[in-house]
Amino acid sequence: MSTPVSTDPTQARLKRQPDIQLPGGQHGIEDLAVVSPDMLLVSNNSKQCVQLLDCLKGEVVSEVQLQGDPFRMCLTDRNTAAVNVGNRNIQMIKVKDKTLTKGRELTVSGVICGLTSSRNSLVVSYGSQPWLEVRSMDGKVRHQSWKSQHFKYPDFMCTTPGGSVFISDCGTHTITKVDAQLNIIQTVTSPLLEGPQGITAVTEDQILVCSNENHSLVLLQPSTNTMSTLLGRDDGIAEPYSLTYCPDQKKVYVAPSSYTATIKVYQVS
């Protein structure tokens with residue numbers, strides 16, 4: 001059962017920084033991941049590649065071409081990312097000396113919606129008759145939550161520093177927390193949360209969510225069931241789609257839509 005959250009104000013603040021513009025008028029940002037301070041991985045659907053972006057210079061310093069459209073992406077460690085390509089493949093990408101190279105490729109059993117890593121495993125969500133899986137890094141299934149009636153479209157996912165997984169579902173307009181065995185721990189909803197998309201963890205109890213249809217970025221604090229709007233249209237947010245957080249610099253990077261060439265940057269204070 002979903003738990004409505006209150007809308008008590010929060011002390012967290014986001015201050016807008018200069019935008020990052022992808023060079024050459026590129027567009028099609030599906031997902032973002034921080035690999036180091038000032039270095040972002042970008043899954044670029046329009047070019048069918050993953051790019052390493054120098055945020056200070058606004059330059060793509062490396063890219064690797066893929067055999068299909070890239071969508072969701074996560075880091076499995078500081079030097080490796082996983083990105084789902086097409087419907088059923090997960091491509092590992094190695095990051096070394098500012099250069100991207102392909103690693104192992106995995107094939108899964110359903111149409112992938114979301115992807116994250118937790119406790120040295122991949123957590124995958126599927127869209128057709130929605131279900132979740134935990135897989136080892138070599139692709140073996142460890143746990144399944146089979147054909148859950150709880151989800152409609154479990155899309156973006158994130159992992160907290162402690163290993164908890166949160167899932168945004170734009171079909172049910174909810175955020176769900178699951179444990180390592182995919183048991184549902186908590187599900188929350190709010191009038192502030194319409195068409196939730198990208199999701200990222202700032203701390204164990206501070207989860208940022210793109211409320212796409214509300215044109216806002218909201219903060220969920222699961223321990224107190226509170227949710228508040230941090231950014232809206234006046235802050236440059238329109239149809240926010242994907243985002244990630246850099247703990248070293250305390251910055252949030254937001255792609256306003258999947259058709260954008262612009263990455264919005266905000267400083268956490």
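Student: Is strand 23 mostly covered or mostly open?
Tutor: In this predicted model, strand 23, residues 242–246, is mostly covered, with 5 of its 5 residues buried.

Student: Which residues sit on which side of strand 23?
Tutor: Ser242, Thr244 and Cys246 are on one side, Leu243 and Tyr245 on the other, and all of them are buried. In a regular strand the side chains alternate between the two faces of the sheet.

Student: What does strand 23 have to do with strand 24?
Tutor: Strand 23 pairs with strand 24, residues 251–255, in the antiparallel sense, over 5 bridges. One pair of bridge partners is Tyr245 and, in strand 24, Val252.

Student: And which residue in that hairpin of strand 23 and strand 24 has a positive phi?
Tutor: Lys250, with a phi near 55°; the hairpin has 4 residues between the strands.

Student: Going back a bit, how many residues of strand 21 are buried?
Tutor: 6 of its 6, over residues 216–221. Both faces are covered: Ser216, Val218 and Leu220 lie on one side, and Leu217, Leu219 and Gln221 lie on the other.

Student: Which way does strand 21 run against strand 20, parallel or antiparallel?
Tutor: Antiparallel, over 5 bridges, with strand 20 covering residues 206–211. Ile207 has Leu220 of strand 21 as its bridge partner.

Student: What about strand 22, parallel or antiparallel to strand 21?
Tutor: Strand 22, residues 226–231, is antiparallel to strand 21, and 5 bridges join them. There Leu217 is partnered with Leu231 of strand 22.

Student: Which turn residues take a positive phi in those hairpins?
Tutor: In the hairpin of strand 20 and strand 21, His215 has a positive phi near 55°. In the hairpin of strand 21 and strand 22, Asn225 in the turn has a positive phi of about 55°. The hairpin of strand 20 and strand 21 has 4 residues between the strands, and the hairpin of strand 21 and strand 22 also has 4.

Student: New topic. How many aromatic pairs are in the whole structure?
Tutor: A search of the whole structure gives 2. Tyr126 and Trp131 form a stacked pair, 4.3 Å centre to centre with 20° between the planes. Both Tyr126 and Trp131 are buried. Phe156 and Tyr241 form an edge-to-face pair, 5.3 Å centre to centre with 85° between the planes.

Student: Where do Phe156 and Tyr241 lie?
Tutor: Phe156 is in strand 15, residues 154–159, and Tyr241 is in the loop between strand 22 and strand 23, so the pair ties together parts that are 85 residues apart in sequence. Both Phe156 and Tyr241 are buried.

Student: What sits over the ring of Phe156?
Tutor: The charged end of Arg72, 3.8 Å from the ring centre.

Student: Last thing, pockets. What volume does the largest pocket have?
Tutor: About 710 Å³. Of the 30 residues lining the largest pocket, the closest to its centre are Leu75, Thr159, Thr200, Thr244 and Tyr245.

Student: Which strands supply the lining of the largest pocket?
Tutor: Strand 3, strand 7, strand 11, strand 15, strand 19 and strand 23 each supply at least two residues. The largest share, 6 residues, comes from strand 7.

Student: What is the lining of the largest pocket by class?
Tutor: It has 17 nonpolar, 8 polar and 5 charged residues.

Conventions: Residues are numbered from 1 along each chain as its sequence is written. This is a predicted model: local features need pLDDT of at least 70, side-chain atom pairs count only at pLDDT 80 or more; totals for chains, interfaces and linings use all residues. Side-chain values use heavy atoms; hydrogens and water are left out. Buried means under 20% relative accessible area, exposed over 50%, partly exposed in between (1.4 Å probe, protein chains only). Two strands pair if DSSP finds at least two bridges between them. Rings of Phe, Tyr and Trp (its six-membered ring) pair if their centres lie within 6.5 Å; planes under 30 degrees apart count as stacked, over 60 as edge-to-face and the rest as tilted. A charge sits over a ring if NZ of Lys or CZ of Arg is within 6 Å of the ring centre and within 35 degrees of the ring normal. On a 1 Å grid over the protein atoms alone, a cavity is a set of points where a 1.4 Å probe fits but cannot get out, and a pocket is an open set with protein on both sides within 12 Å along at least five of seven lines; lining residues have an atom within 4 Å of a point. Grid points are joined across faces, edges and corners, and a volume is the space filled by probe spheres set on the points. Ala, Val, Leu, Ile, Met, Phe, Trp, Tyr, Cys and Pro count as nonpolar, Asp, Glu, Lys and Arg as charged, and the others, Gly among them, as polar.
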